[in-house]
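Please open the model in your viewer and keep the sequence panel beside it, since the tour moves by selection from one stop to the next.

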Amino acid sequence: MDSLFDYDNGKTVSYAPLADRMRPDRLEDILGQERAVGKNSFLYRMIEKDTIPSILLFGPPGCGKTTIASVIAKMTESRFVKLNATASGTKDIRDVVSQAKEDLRYYRRRTIVFIDEIHRFNKGQQDLLLPYLEDGTIILIGATTENPYFEINRPLLSRVRLIHLQALPESAEIQILRRALTDKEKGLGSYGYQATDDVLKMISSYASGDIRMALNLLEQASSLLPVNGMLTAREVEEVAGEHLSVYDKNSDYHYDIVSAFIKSMRGSDPDAALHYLARMIDGGEKTSFISRRIMICAAEDVGLADPRALSVAVAAAQAAEMVGFPEAKIPLSEAVLYIALAPKSNSAVVGIDRAMDEVKTRTDWSIPDYLKDAHYSGAREMGHGNGYLYPHDFGGWVKQRYLPRELEGHVYYKPISNGEETMISKRWEERRNKGNTGGSGKTGLHD
């Protein structure tokens, strides 16, 4: 029962949640998703013409997926069927398809099937939809919070148009909350509640882009007020409790944070790097996972520009593992700041990638005879080790060829003039340009 008639006030009172009551009836009233459903969008034009293709709505919780589906349901002349993948199975799909075939045959009416949380369907259930999408028996509107490229079968994904929705921006959330606060027909307007923009921003912050959560918080917090009361931070905090982190270690969002964390260190932004570190710690991430990313960044992005960065990262990883949280945040923070503030060079990763790519092109690379192992009996008779120049006999460096003959002159390491690598590479250039010749002129005594 969604509503009852209030005889004392002479009006109908709805008992549906505020988030459900405030669901828009028109595309024009959907805020924060202009790119997906704005007047110039593909979906807006298709809905207006009632020629909806099969689509997949992908976005975080509370961004408007179900709202878009409900607007389509109100605007279309097609039969609209709603399923939830958590409660529906193969039999439900077959029943819907059977009725859809009858509607097409006898009434020339198409069927739109909205499947919420479609990522929860297994491969067999997803595959069951394929022939009916192919022959036009049903039009599918799927909704998912999970990355469809990971969770939806490729054959099904190829038959739908992907509509990517974003978490609602704060400005859109505040506008929706203000609308709910003043709307006398569907919202809380008849109670005369008041709230400043700062309080609404606080609700938006707790909801983290989930408008359903924001409206639920508004409804619960305002229920603590008398008629015409002023909503304050006290009521919001009392209802919201601790601000929960939106962090799922198995979700696409988790990997987005990790990616942003690494790119912030690479981009030398210490504040952003600490922000994403804090989000991972607050989300319950393991010290080992965070430490591995820091060590990789130290080697890949700082590299020879400051070779100490890797030592700092390894030491921080060991310290964090030994002390555990909450104190582990301190050595992790130290390493993150060191890497973010260090000069950058990716010559190590670029060099090894070049070498790896070339190594894969053949399997018969040679080795100069004078570099081969000469420890076993008969090795020198085969020429192994003969002519090797022992660098220490020449003051620590001697010019000789180490690369296979077929790669002579190939360059993998290309120095970057940044930080300490400037001096390292200068020393290498000076040595490389020396006139000292080598390769087979002297038989080395060392193997």
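Helices and strands here are DSSP runs, helices of at least four residues and strands of at least two, numbered from the N terminus. The model is predicted, and the stops below should be read with that in mind.

Select Glu117 to begin, in the loop between strand 5 and helix 6 (123–134). Glu117 is a residue other than glycine with a positive phi, near 55°, and with a relative accessible area of 24% it is partly exposed. Most residues other than glycine have a negative phi, and most peptide bonds are trans.

Next select Arg108, which is found in the loop between helix 5 (90–107) and strand 5 (111–116). Arg108 is not a glycine either, yet its phi is positive, at about 55°. Is Arg108 buried or exposed? Its relative accessible area is 69%, and because exposed means over 50%, Arg108 counts as exposed.

Move now to strand 3, residues 55–58, and show the side chains. In a regular strand the side chains alternate between the two faces of the sheet. In strand 3, Ile55 and Leu57 point one way while Leu56 and Phe58 point the other way, and all of them are buried. Then add the two strands that pair with strand 3. Strand 6 (residues 138–144) pairs with strand 3 in the parallel sense over four bridges, and Gly142 of strand 6 is the bridge partner of Leu56. Strand 7 (residues 161–164) also pairs with strand 3 in the parallel sense over four bridges, with Arg161 of strand 7 as the bridge partner of Ile55.

For the last part of the tour, select helix 16 (residues 308–323) together with helix 17 (residues 329–341), whose axes lie 8 Å apart and which pack at an angle of about 165°. Angles over 145 degrees count as roughly antiparallel, and therefore helix 16 and helix 17 are described as roughly antiparallel to each other. Helix 16 passes helix 17 in a left-handed crossing. Which residues make the contact? From helix 16 they are Arg308, Ala309, Val312, Ala313, Ala316, Ala319 and Ala320, and from helix 17 they are Pro331, Leu332, Ala335, Tyr338 and Ile339. By class, this contact of helix 16 with helix 17 has eleven nonpolar residues, one charged residue and no polar residues.

Finish in the loop between helix 16 and helix 17, where Pro326 has its place. The peptide bond to select there runs from Phe325 to Pro326 and is cis, with omega near 10°.

Definitions and conventions. Residues are numbered from 1 along each chain as its sequence is written. This is a predicted model: local features need pLDDT of at least 70, side-chain atom pairs count only at pLDDT 80 or more; totals for chains, interfaces and linings use all residues. Side-chain values use heavy atoms; hydrogens and water are left out. Axes are lines fitted to C-alpha atoms, for helices over the stretch in contact, and angles run from 0 to 180 degrees between N-to-C directions. Angles under 35 degrees count as roughly parallel, over 145 as roughly antiparallel, 65 to 115 as roughly perpendicular and the rest as oblique. A crossing is left-handed if the near helix is turned anticlockwise from the far one by less than a right angle, and right-handed if clockwise. Contact means heavy atoms within 4.5 Å. Ala, Val, Leu, Ile, Met, Phe, Trp, Tyr, Cys and Pro count as nonpolar, Asp, Glu, Lys and Arg as charged, and the others, Gly among them, as polar. Buried means under 20% relative accessible area, exposed over 50%, partly exposed in between (1.4 Å probe, protein chains only). Two strands pair if DSSP finds at least two bridges between them.
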